[in-house]
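Here is a short report on how helices pack in one structure. Look at the model first, then read on.

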Amino acid sequence: MSSATAVVVAAPSAWKRATRSGGLAVGLALALTMVVIAIAAPWIAPFDPNDQDVLLKLEPPSAAHLFGTDAFGRDVLSRVIYGARISLFVGALATLAGVVIGTVIGVVSGYLGGVIDRLITAATDVLLSFPQLIMGLMLVAVLGANLFNLILAIAITAVPAFIRVARASTLAMKERDFVDACRALGFGDPRIMFLHVLPNIMDEVVVMASLWFAAAIRTESTLAFIGLGVPPPTATWGGIIRDGFDNLLDASWLSIFPSLAILTIMIALNLIGDGLRDASDPRAPQ
Amino acid sequence: MLRFVVNRLLLALPTLWAVLTLVFVLVRVVPGDPTIVVLGDQATPAARAALRERLGLDKPLVAQYADFMLQIARGDLGKSLVTNRPITTDVAAVLPYTIELTIAALIIGSVIGIPLGVVAAQRRDGFVDWLARIVSLAGLSFPAFVSGILLLIAFAVELRWFPVISTVTGTDPMQRLRALALPAINLGLIMVAYVTRVTRSGMLKALGDDYVRTARAKGLPKRIVVWRHALRNVLIPIVTVIGLYLGVLIGNAVLTEIVFNRPGLGKLIVSALNQRDYSLLQGLMVVTALAVVVANILTDLTYGLVDPRVKAG
């Protein structure tokens, strides 16, 4: 009863904390715009992203091609618009997979404790000690670069972080009275873990997820830049920057526009993550 | 102090073993036949069998694992599949460049990040605070290759202040520094973001603590209280963050080297990927794993320096 009352009291102030700086609103607006652009790509892109025109190679920005054209004469604006689809799709799916797998393992590990918990914690520490980018790079290199492997590799790099967060929150939560009450009522472990503990740790998982969404998009674009992304001719932001990098001296716009696109979504997601964190932690300095 | 160092080194051994095991497993999760990945599907069965034997893939997994561990214990990373040179030679040739870049970034990160965070916390919501927030948001948002390319376009292509290709030639220290400048600024800006953030939030909390009020109440100048008393107590989280993000820094150093065409582990990784040189790739993963373990040890040793209680405890 007392915990229910606490939630009701805390809710408005959390909202107030989240919206105080305005960062969360700006972040949400930017991110939503990106999502709309990605979904509406076929209707708003002025050209087919893969249509080549050899007579229009490396044209600087003009009224016909607002972001210019690339080395194959393809419209960069259309490619940047379509690139949003890959980045957001890979980022969202990889984060979702990382959240689901990591959180389930983390809750089980924290709740059950004992040998399983020690083993999982040790494995998590080792995985976390390896640079995420290098790990993703190696995984895609050995698995082969395609859409599925890319999502899989990025998800694998996300799992240990979610195990750690979910485990730590579960450890704190399982000492609470309502968990004892559940046990006294004779509820089984799975029911307590997933119907009672899990909903109570979700706010921390969601904060982490918004920051990891940004990390996943960063990893995807980085891998595409190195040449380990979704294979060409599919338009990806990292891939367009890679094309631009090859023509840096005479066509710098090719790198600049997709860079701005990546930057916008990263800033949006970081603002959302920070806003949500401030909301979930009343002690965090603002 | 010596006992603390020895203890810490012994503690690192299990981690090292686990990370090396992870590398071994990762390289062997290749679906299908790795010899086809290396030689292509047109390779004759005889050529594939020969490669299989050369890589030791014909042995049982346990024997492969034992070979792998023993080899590393001897300080041997094997030979490159493409050049047949010992991998340690290739790594030793470029490692100083990566270390030089990482240290330069750490220095930039600390020298700018710590004062920026302290001043931002002191003048909360003031101009410096907003600047600090924007700098840290930008630093956290830029993928290293994006910021690198934008820096290149601005300072090398347009303004021509720095060379476009940061290849280090000769031993002239000024030239070396000029080639290091842009890559180090690129990597350093990311570090500035992390350091500013943790310094600012740590200082905000510390400035509200009782000991700060006591120090001020007994008449100590604000400057001394902020920089000597409060900052000293925030150093532990700062060192933690720097240590934690050394891994991120190593990953970003690789990207920075690629963008600025600078010798280092990054270019070695890319050439290993392009030539499907799996021995070299495995060797580079081992080097990265070692670097992370060493970074963790150094972080813990720094704790001992900034906080005497750590050493005693």
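The axes of H6(B) and H8(B) cross at roughly 130° and come within 8 Å. That makes H6(B) oblique to H8(B), because oblique covers angles that are not under 35 degrees (roughly parallel), over 145 (roughly antiparallel) or 65 to 115 (roughly perpendicular). Axes here are lines fitted to C-alpha atoms, for helices over the stretch in contact, and angles run from 0 to 180 degrees between N-to-C directions. Helices are DSSP runs (H or I, at least four residues), numbered from the N terminus.

Which residues make the contact between H6(B) and H8(B)? Two residues are in contact if their C-beta atoms, placed from the backbone, lie within 7 Å. The table lists them by helix.

| Helix | Residues in the contact |
|---|---|
| H6(B) | B:Ala132, B:Val135, B:Ser136, B:Gly139, B:Leu140 |
| H8(B) | B:Leu189, B:Ile190, B:Val192, B:Ala193, B:Thr196, B:Arg197, B:Arg200 |

The model is predicted: local features need pLDDT of at least 70, side-chain atom pairs count only at pLDDT 80 or more, and totals for chains, interfaces and linings use all residues. Residues are numbered from 1 along each chain as its sequence is written, and chains are lettered from A and ligands numbered from 1 in the order in which they are written.

Now the two chains together. In chain B, 38 residues are in contact with 31 residues of chain A. H7(B) gives the most to this side of chain B, with 7 residues.

Chain A has 11 helices and 0 strands. Its C-alpha trace spans about 75 × 45 × 30 Å along the principal axes.

Key:
Helices (H or I, at least four residues) and strands (E, at least two) are DSSP runs, numbered from the N terminus.
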